[in-house]
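Work through these exercises with the structure open. Try each task before you read its solution.

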Amino acid sequence: LKRGAETFYKISGLQKYFEAVSCFEDYSKPKPDPEPLMVALVKLHLKPEEAIYVGDSLTDLQAAKALKMKFIGFYGISGKIFQEADANIKTFAELPEVINRLSKD
């Protein structure tokens with residue numbers, strides 16, 4: 001929900017790294033269908049290969065891989081490392097460095 005995204009921004013202070021959010025209200029097919037990611041890509045005027053998706057579930061990984069989008073697995077809550085991810089992070093503080101690294105690939 002959009003309210004959850006707004007709360008995340010307030011708590012994390014990471015809003016400057018996000019230009020668009022795709023919330024439940026914006027699509028009809030949930031992940032693992034890639035529609036939620038496609039909605040965000042349209043908002044950003046980007047192709048999948050120009051974006052990086054951060055997620056914490058297998059359905060997040062599946063949706064990103066369906067679009068051949070880079071994926072960063074967030075394992076801070078579950079402790080689950082995503083073997084097929086392009087990178088994995090434990091804390092959001094790691095995100096800027098990892099995004100910078102993957103953007104150069």
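Buried means under 20% relative accessible area, exposed means over 50%, and partly exposed lies in between. Keep these cut-offs at hand. One caution: the model is predicted.

**Exercise 1. Sort four loop residues and one helix residue by accessibility.**

Task: decide whether K68, H45, S28, T91 and D60 are buried, partly exposed or exposed.

Solution.
- Step 1. K68 lies in the loop between α3 and β2. Its relative accessibility is 72%, so K68 counts as exposed.
- Step 2. H45 sits in the loop between α2 and β1. With a relative accessible area of 73%, H45 is exposed.
- Step 3. S28 belongs to the loop between α1 (2-12) and α2. At 61%, S28 is exposed too.
- Step 4. T91 is in the loop between β3 and α4 (95-104). Its value is 38%, so T91 is partly exposed.
- Step 5. D60 is part of helix α3. Its value is 3%, so D60 is buried.

**Exercise 2. Find the surroundings of D60.**

Task: which residues does D60 contact, leaving aside neighbours within four places in sequence?

Solution.
- Step 1. Start from D60 in α3.
- Step 2. Skip the neighbours within four places in sequence. The contacts are then K31, Y53, G55 and F71.
- Step 3. Look at two of these contacts in β1. Y53 and G55 point to one face of that strand and are buried.

**Exercise 3. Read the backbone.**

Task: what is unusual about H45, K68 and the bond from K31 to P32?

Solution.
- Step 1. Recall the rule. Most residues other than glycine have a negative phi, and most peptide bonds are trans.
- Step 2. Check H45. Its phi is positive, about 60°, although H45 is not a glycine.
- Step 3. Check K68. Here too phi is positive, about 60°, and K68 is not a glycine.
- Step 4. Check the peptide bond from K31 to P32. This bond is cis, with omega near 20°. P32 is in the loop between α1 and α2.

**Exercise 4. Build the sheet.**

Task: in what order do the strands of the open sheet stand, and which strands are at the edges?

Solution.
- Step 1. Take β1 (residues 52-55). It runs parallel to β2 (residues 70-74), and 4 bridges join the two. V54 stands opposite I72 in β2.
- Step 2. Add the third strand. The order is β1-β2-β3, with parallel pairing.
- Step 3. Find the edges. β1 and β3 (87-89) each have a single partner strand, so one side of each has no neighbour in the sheet.
- Step 4. Note the turn. Neighbouring strands of the sheet are turned by 25° against each other on average, direction ignored.
- Step 5. Follow the chain from β1 over α3 to β2. These three elements form a right-handed β-α-β unit.
- Step 6. Compare the faces of β1. Y53 and G55 point to one face and are buried, while I52 and V54 point to the other and are not.

**Exercise 5. Locate the nonpolar cores.**

Task: how many residues has the largest nonpolar core, and which helix gives the most to it?

Solution.
- Step 1. Recall the trend. In soluble globular proteins, nonpolar side chains tend to be buried together.
- Step 2. The largest core has 12 residues, among them L37, L41, A51, Y53, F71 and F82.
- Step 3. Ask which helices contribute. α2 (35-44) and α3 (58-66) each supply at least two residues of this core. α3 gives the most, with 3 residues.
- Step 4. Look for another core. A second, separate one has 7 residues, including F74, A87, I89 and L102.
- Step 5. Zoom in on A51. Not counting residues up to four places away in sequence, A51 touches L41, L46, M69 and K70.

**Exercise 6. Find the two sides of α4.**

Task: which residues of α4 are buried, and which exposed residues are on the face turned away from them?

Solution.
- Step 1. Recall helix geometry. An α-helix has 3.6 residues a turn, so residues three or four places apart point the same way.
- Step 2. List the buried residues of α4: L95, V98 and L102. They cover an arc of only 70° around the axis, which puts them on the same side of α4.
- Step 3. Ask what covers them. The cover includes β1, β2 and β3.
- Step 4. Turn to the face away from the buried side. It carries the exposed residues E97, S103 and K104.

How values were computed: Residues are numbered from 1 along each chain as its sequence is written. This is a predicted model: local features need pLDDT of at least 70, side-chain atom pairs count only at pLDDT 80 or more; totals for chains, interfaces and linings use all residues. Side-chain values use heavy atoms; hydrogens and water are left out. A nonpolar core is a set of buried Ala, Val, Leu, Ile, Met, Phe, Trp, Tyr and Cys residues joined through side-chain atoms within 4.5 Å. Buried means under 20% relative accessible area, exposed over 50%, partly exposed in between (1.4 Å probe, protein chains only). Contact means heavy atoms within 4.5 Å. Two strands pair if DSSP finds at least two bridges between them. A crossover is right-handed if, with the strands pointing away from the viewer, the path from the first strand over the helix to the second runs clockwise. Axes are lines fitted to C-alpha atoms, for helices over the stretch in contact, and angles run from 0 to 180 degrees between N-to-C directions. The arc is that of the directions from the helix axis to the C-beta atoms.
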